[in-house]
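Welcome! Take a moment to look over the chain, and then let us walk together through some of the links between its side chains.

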Amino acid sequence: MQAPRISLYATLFALCWILTFVINDELVNAAKSKQKTRSIQMRQNSGVISKREDLQDGFSEDTQMDEPGAEEMAGKEKPKGKKTSEEILAAKAKKAAEKEAKAKKPKPTKKPKPPKPTKKPKPPKPTKKPKPPKPTKKPKASKPTTKPTTRETKPTKKSTMEEEEEKLLLELGWDTLFPTVPLKKTETEKPIGPDHDVHSKKDTKTPPSPKEHDPDYWDARHEVPEPDLIPKVKKPATTDDPSIYLPIPEETTTTPRTIAPWYEEYDYADLAAKKLEEELEKARKAKEEKAEKLRKMWEEEEEERRKQTVPYAEPKKCPPLGLESHRVEDDQILASSMSHHGFSALRGRLNMQNSADEEDVYGGAWCADTEEKEHWFQVNARREVEFTGVITQGRNSESHDDFVSSYFVAFSNDSREWTVLHDGYAEWLFYGNVDKDTPVMTEFSYPVVARYIRILPQSWNGSLCMRIEVLGCPLPTNYPTENDVPPTDDLDYRHHNYKEMRQMMKVINEECPNITRIYNIGKSSQGLKMYAMEISDNPGEHETGEPEFRYSAGLHGNEVLGRELLLLLMQFLCKEYNDDNPRVRRLVEGVRIHLVPSLNPDAYELAFEMGSEMGNWALGHWTEEGYDIFQNFPDLNSVLWGAEDRGWVPRIVPNHHIPIPENFLNGSVAVETKAIISWMERTPFVLGANLQGGEKIVTYPFDMQRPPRDTGAVSRGSQSGFEYHHMNEETWARIQRQNEGALRETADENLFRWLAMTYAHSHLTMTENHRGSCHTDDITGGQGIINRASWKPVVGSMNDFSYLHTNCFEISIFLGCDKFPHESELASEWENNREALLAFIEQVHRGIKGVVRDVEGNLLANATVSVEGIKHDVKTAVTGDYWRLLNPGEYRVTARADGYSSQTRLCIVGYDANATPCSFTLTKSNWARIRQIMAQSGKRPRLVTNTPGNTNNRISVESTGAAAAPQNERLRRLRQMRMRKLRMERMKGSTTTTPTMTPTTTTPPPTTTAVPTTESSWFDLWFELDNATTQDYNFEYRIDED
C-alpha cells in the first residue's frame, strides 16, 4: 500500500516541479516581452518624449494597444493607470471564453495571441486614417473579437456559433485589420477534428509561440517594410462607413459621434506640436532679438570707445628726450657692455660723430661686447614719461658698416623688473636699420608710461653698434625741473618752410613798417630768393656814423636752429620796439641790423621734408650743386701769408681788402656764394656772425692753418739756436705752442677772443664744461670759444674772407649739438640765446669811429685807417665814415688817402657802451701832381740807398733806361734789403721816426736802431749769390709813406 503511495507522491512532486519550472519560464518570457515592449516604445517615441511629456503618455497608450504581449502584461501585472481599449477588449474576451468553455485548464488565456499580427498595420498610423474607431466604444466591439479565440480553443462547439462570429467579423471589417487571423485559422482547423484533444492543439501551437521567436517576431522594423501590408492597412480608411455599426443596436446612435473625439484627440497632438514649434520659433526669435540687442550694444560701446580713443588712432607724437641735444645727462645712459673704451654707452647718442682716429677714445656709436650673452642699452628718464617710440642709427665710421637690424623694447619703473612690449600675441619685434647712416623711427601703437626704457638688440650687421634717440612726452602731472626755462615772450615757436618764412617776414614788416625792410641778396641754384630783413630807424639807407651789423644763418640747410632764432629775433625786435623797450630802441636807432635766415634755401627744403631727427648728419648740408657754402670762398689767407714771407706787405700786397684772385668767380663757385660776396662788397659791414649747428661752441678766425716757416736759419749755429738747445722741456714746449699759435692768429686775436666770449658767456649753457663737447671732451677749457684753425681747420672760409676782403669781423656760432631740434625745444633755445644775440649786436659800438674828410669838408671814400701795432687796416665807406673795433686802450691811429697827406691821432678807447669818436681831416699833397708829370715824361721815382758815390744821402731820380745793368741790380737789392730790415725792426718793437712830409721830391731817411750783424734773418737766404737776379716787380713807392 505504501509503495503505490510513495510512487504517487513522487509523481505529484515531479508534476509540481515541472509546473513550477513552466510557470517560471513563462514569467521570464513575460519579463523579456515587457522589456522588449519598453525598448520599442522608446525607439518609436524618442522624438515625442524629448518635446513634451503629455504627448508621450498618449502615444505610449496607443502603441500599447497594438503591441503583442500587452494582454499578458495586463493580466499578470496590476494596471498602474487607466487601461487602454485593447486591454478592456482582451479582458472581456477572456471572461466570455471562460464562461462558454467552462473549462478548468489555465492555458486558454494564451489563445488570444493570434491577433498579434495586428502589429503590421502600424505603418499607416502617420497617415492618421485609422481614427474612426472611437476609443471609448472599443470595449463594446470587443465581443466579436473574442469569439475567434473561443472558436480556436473550443472546436467542439456548434458550427452556428462559428458562422455567427465570422459574419460578425465580416460586418465589422476586422478581417481586413487582422489578415493573419484567417491564415492561422485554416492552418489550425485542418488538423483539428472533432475527436482531437486539447493536448494536440498545444503541440501545434508551440512552434509559433512568442517565447521561442520573440526577438524576430516582434521586431517592428522587420514587419513594417512588407509591401503587401501597406495597401491592406489603407482599406479600412477608404471603406470606413458608419453603416457597419447598424446591426449593433447599441452603436447605432453613437457611431457618428465616435469619429469627432478621435480626430480631436489626434488634432490635439498636432496642435501641441505646432504649439511647440511656435514656442521654439518664439524662443529663436527672442534669442535673435537678444543677440541683435547685444550686437547693437557692442557696436555702441565700440563706437564710444572709438570716440574716446580718437587721439590714439595714430601713434602719439612726442618730442625726443634729448640724447642728441645732450639734455639727457651722461649718467642717465647705461649699457650692458662695451667692446672698447671708445665705444661706451655715452657714444650711443643719435648722430654722434667719431674722431679722426675712431679706435682712440671717440668712437662713432655704442658697441657691445659680443662675448656677452645679453645685450641692452638703457635710458633713465628720471621721472615717469609716456614713451612713444625710438630712433635708431648705425655706427659712424668710414671703414665699418655696423648697425642693428631688429630689437625688442622693454620698460621698467625700478630697473629691476622689466616688461617687454607685447603686441597681443607675442613679444613685439621691431625692425631697425638697413644702413649705418639713415635714422629709422619706430613708433609704438600706444604710449607706455615708465621711467626706464631698454633696447634689446636681437640681430645686427657686422658688430653690434648703434646710436639711439628716445621719444617721450612728460606726464601732465609732472612739474618743470630746475633746468627748464619757461618762455617769457609771445612768439611763434615752430619750424617754417620757405613759404612760411616769407609770410612771417611779411607779417613782421606789416607790423613794423617804419623800422623794417625786406630785400633779397640773390637767388639760389633752384631760383629761390635769399631774403634778408633790415631793421633800422631809417631802413633802406646808410646813415653816416651808423654801423652795419649782420646775422646770417642757413649756410647748411640741415642746421635749422639759427634760421628759427633769426625769425624769432625779428619778431622780438618788432614787438619790443613797439612796446618802447629802451634797450631795443637803442639798438634799432643806433645800428643798421641785417638778418638773413636762410642762405641755402634749397637744402633746407630737403631737410624740412625729412623732418626733425630723421635727416642724417649730411642730408641738406650742401647746396643743390654739391657745394659747402661756408668753405666756398676765395682763399685769401695763402695770398697774405705768401706776401708776408716775401716782405710785400703792406707795400705791394695790402693787409686788408685783399683783392679776389682772377678767374675765381668763373670757376667752381656756388651761385649762393657769388650772391653773398656781392652783398658783402656793397654793404660796409662792421661786425657779423653766422649761425651754425652740430656743436655748442664759438669759433673765431683764422679758420685756416698757416704752414710753418723755414727754421733753417736757426740751425746755423747762431746764438738763438744755441739758446734753444739749452732750454728745458717746459720752456721749449711753451715756445713751440706760441709759435704754433702765431701761425693761426690774426692781427686782432685779442679782439676776436673778446667778441667770441661775449656771445659764449651770455649764453645760458654754452660754458658748461662738465658734460664736455657734443662729440668729444671739452676743447675750450670751459670758455666755450676756440680758434677754428686749432679745432677743425678749413680752407676758404666765410670768416677769413670777410676779415681779409672787407672791414667786417665775423665769427661762427655753433648753437647746439642737435642740428634740427624738435619744435618743442625752440622756446628753451630762444631763452638760452636771446641775451647772447642782443649782447653781440651791442659789440658793434666797441672801438673807434669817425669820418675822414679833406680841409674843404669833402668826405673821402676808400681812405685807409691803420692802427699802430695792428697789421690790419680798414677803409672808409662811400660816405667817408669808418668803424674800427678795438679793445679799451690808447692807440695811435693814422688816416691816409691818395693825393692827401696822412694824419696821425691818439685815440683812447674806454669802457663806455658807445664807440670813441676819432675823425680825420687830410690836406692835399703835390705828390699827385708829381706823378702826373712823371707819367707824361715816361719816368718814375726810384729810391737809392746810401752809397759811397752818394754822400749827400739823398734820393735821386734816374732814368731807368740809361743806367748800367750791374749798378741797377745792386741798387735794387740794397733797396729791398733796407725795406726788409726796417720792417723787422718794427716787428721787434723798435722805435722809428716819421719825417715831416715836404712837397719836394727828396726827404731825409728815417733813423732806425742798428741791427746786430750776428743776427741772421729768414730772408738772408735770398741774397747768398751776388750774381742772382731778382724779378723787377711793378710797384709804386710812395714818398709820403716812409
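What follows is a short tour of salt bridges and disulfides in this structure.

Please keep in mind that this is a predicted model.

## Salt bridges

Side chains of opposite charge can pair when their charged atoms come close. Across the whole structure, a search turns up 27 salt bridges. Here we visit a few of them.

Let us begin with R395, whose salt bridge partner is D402; the closest N and O atoms of this pair are 3.0 Å apart. Are these two residues buried or exposed? R395 has a relative accessibility of 5%, so R395 counts as buried. D402 counts as buried because its relative accessibility is 4%, and buried means under 20%.

R494 and E500 offer another example, with 3.5 Å between the closest N and O atoms of their salt bridge. Here R494 is partly exposed at 31% relative accessibility, and E500 is partly exposed too, with a relative accessible area of 29%.

Now turn to R583 and E835, whose side chains meet in a salt bridge with an N to O distance of 2.9 Å. Which parts of the chain does this pair tie together? R583 sits in helix 17 (residues 582-590) and E835 in helix 26 (residues 826-842), so their salt bridge joins parts that are 252 residues apart in sequence. R583 is partly exposed, its relative accessible area being 23%, while E835 is partly exposed with 36%.

Salt bridges can also be followed through a group of residues here: R517, E534, E548 and R592 are linked in a network.

## Disulfides

A disulfide is a covalent bond between the sulfur atoms of two cysteines. How many does a search of the whole structure find? The count is five. If the bonded cysteines of the protein are numbered in sequence order, they pair as 1-4, 2-3, 5-6, 7-8 and 9-10.

The table shows some of these disulfides.

| Pair | S to S distance | Angle about the S-S bond | Handedness |
|---|---|---|---|
| C318 and C473 | 1.7 Å | -115° | left-handed |
| C367 and C465 | 1.9 Å | 115° | right-handed |
| C774 and C817 | 1.7 Å | -80° | left-handed |

Where do these cysteines lie? Start with the disulfide of C318 and C473. C318 is in the loop between helix 14 (259-308) and strand 1 (333-335), and C473 is in strand 8 (residues 465-474), so the pair ties together parts 155 residues apart in sequence. C318 is buried, with a relative accessible area of 7%, and C473 counts as buried at 10% relative accessibility.

Strand 8 comes up again in the disulfide that joins C367 to C465. The pair links distant parts of the chain, with C367 in strand 2 (residues 366-367) and C465 in strand 8, 98 residues apart. Both C367 and C465 are buried.

The disulfide of C774 and C817 has a left-handed link. This pair also links distant parts of the chain, 43 residues apart: C774 is in the loop between helix 23 (749-762) and strand 15 (785-787), and C817 is in the loop between strand 16 (809-816) and helix 26. C774 is buried, and C817 is buried as well.

Finally, here are two other cysteines to find in the view. C16 is partly exposed, with a relative accessible area of 47%, whereas C808 is buried, with a relative accessible area of 1%.

Key: Residues are numbered from 1 along each chain as its sequence is written. This is a predicted model: local features need pLDDT of at least 70, side-chain atom pairs count only at pLDDT 80 or more; totals for chains, interfaces and linings use all residues. Side-chain values use heavy atoms; hydrogens and water are left out. A salt bridge is a side-chain nitrogen of Lys or Arg within 4 Å of a carboxyl oxygen of Asp or Glu. Buried means under 20% relative accessible area, exposed over 50%, partly exposed in between (1.4 Å probe, protein chains only). Helices (H or I, at least four residues) and strands (E, at least two) are DSSP runs, numbered from the N terminus. A disulfide is a pair of cysteine sulfur atoms within 2.5 Å.
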